[in-house]
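Hi,

Here is the structure I promised to pass on to you. Have a look at it first, then read my notes below.

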Amino acid sequence: MYEVEVKVPADLEAVRARLDELEATPTGAVVQEDTYYDAPHRSFPETDEALRIRTERAETGSDEVRLTYKGPLVDDASKTREEIETAVASGEKIDTVLTKLGFEPAATVRKERERFELEKYTITLDSVEGVGEYVEIETNVDDEADLESAREGAYDVLERLGHDPDEQVRTSYLGLLLADDA
């Protein structure tokens, strides 16, 4: 599966108003804590990969934990990459497995997210601790042949929200957080 994503810095209040005008469907808010890991056998920043444990708390108070691998970016026009993700029962136990295998926690990114659906796209309003406010447009495709049309559709949604696709940020929140710390 490929995740096709475009992200820009945004005034979230203005985007919320535009989403209301476009009659986007709100799908809820969550708080996410993503712990990223460094590999013992290669440098993920150099290979443009990521391995993380995500703990997500929904408005209901229930937690969901997922282990995610993200491959390198597959194009120069968006933040599209292969993504493999699975639910895990315990963030603490999977952290123990990873650290026993030599992976080390690198950093943690915390964000509050509001999600909306518009056509086949998920629009996420992100308030990222230490980084700022962003809007993300994303969708998933199974076939590499569908990447270009999915990316063009994401650009269209972004433009309808009042943003220029040329403003997009291809750096991950982790990269932005680490750049601010440098």
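Start with Glu83, whose side chain makes a polar contact of 3.1 Å with the side chain of Lys70. A polar contact here is a pair of N or O atoms within 3.5 Å; within protein, one must be able to donate a hydrogen and the other to accept it, and residues adjacent in sequence count only if both atoms are side-chain atoms. Glu83 sits in strand 5. Helices (H or I, at least four residues) and strands (E, at least two) are DSSP runs, numbered from the N terminus. Glu83 counts as buried because its relative accessible area is 9%; buried means under 20%, exposed over 50%, and partly exposed in between (1.4 Å probe, protein chains only). Leaving out residues up to four places away in sequence, Glu83 touches Met1, Glu3, Thr68, Tyr69 and Lys70, where contact means heavy atoms within 4.5 Å.

Before you go further, please keep in mind that this is a predicted model: local features need pLDDT of at least 70, side-chain atom pairs count only at pLDDT 80 or more, and totals for chains, interfaces and linings use all residues. Residues are numbered from 1 along each chain as its sequence is written, and side-chain values use heavy atoms, with hydrogens and water left out.

Now for the strands. Two strands pair if DSSP finds at least two bridges between them. How many bridges join strand 1 to strand 5? There are 2, and the two strands run antiparallel. Glu3 stands opposite Arg81 in strand 5, and Arg81 is also the bridge partner of Leu73. On the strand 4 side, residues 63-73 pair with strand 5 (residues 81-88) over 7 bridges, again in the antiparallel sense. Arg66 stands opposite Ala87 there.

Put together, the strands make a closed barrel of 8, in the order 1-5-4-3-2-6-7-8, with antiparallel pairing. On average, neighbouring strands of this sheet are turned by 35° against each other, direction ignored. For these angles, axes are lines fitted to C-alpha atoms, for helices over the stretch in contact, and angles run from 0 to 180 degrees between N-to-C directions. Helix 1 (residues 12-21) packs on the sheet and touches strand 6, strand 7 and strand 8; its direction makes about 160° with that of strand 7. Helix 4 (residues 147-160) packs on the sheet too, touching strand 1, strand 6, strand 7 and strand 8, and its direction makes about 25° with that of strand 1.

Strand 7 (residues 121-128) is worth a look of its own. Is it mostly covered or mostly uncovered? Mostly covered: 7 of its 8 residues are buried. On one side, 8 bridges join strand 7 to strand 6 (residues 104-118), running antiparallel, and Arg113 has Asp126 in strand 7 as its bridge partner. On the other side, 7 bridges join strand 7 to strand 8 (residues 132-141), also antiparallel, with Glu138 as the bridge partner of Thr122.

Both of those pairs are hairpins. Strand 6 and strand 7 have 2 residues between them, while strand 7 and strand 8 have 3. In the second turn, Gly130 has a positive phi of about 80°. In the first, Glu119 has a positive phi near 55° although this residue is not a glycine, and Glu119 counts as exposed because its relative accessibility is 56%. Asp48 is another non-glycine with a positive phi, about 60°. You'll find Asp48 in the loop between helix 2 (44-47) and strand 3 (50-58), and its relative accessibility of 30% is why it counts as partly exposed.

Next, try Gln32 in strand 2 (residues 25-38). Gln32 counts as buried because its relative accessibility is 0%. Which side chains does Gln32 reach through polar contacts? One is that of Glu56, at 2.5 Å, and another is that of Arg113, at 3.1 Å. Beyond its neighbours within four places in sequence, Gln32 is in contact with several residues, including Arg54, Arg66, Val109 and Arg115.

One last thing to find: Lys7 lies over the face of Tyr173, at 4.1 Å from the ring centre. A charge sits over a ring if NZ of Lys or CZ of Arg is within 6 Å of the ring centre and within 35 degrees of the ring normal.

Happy browsing!
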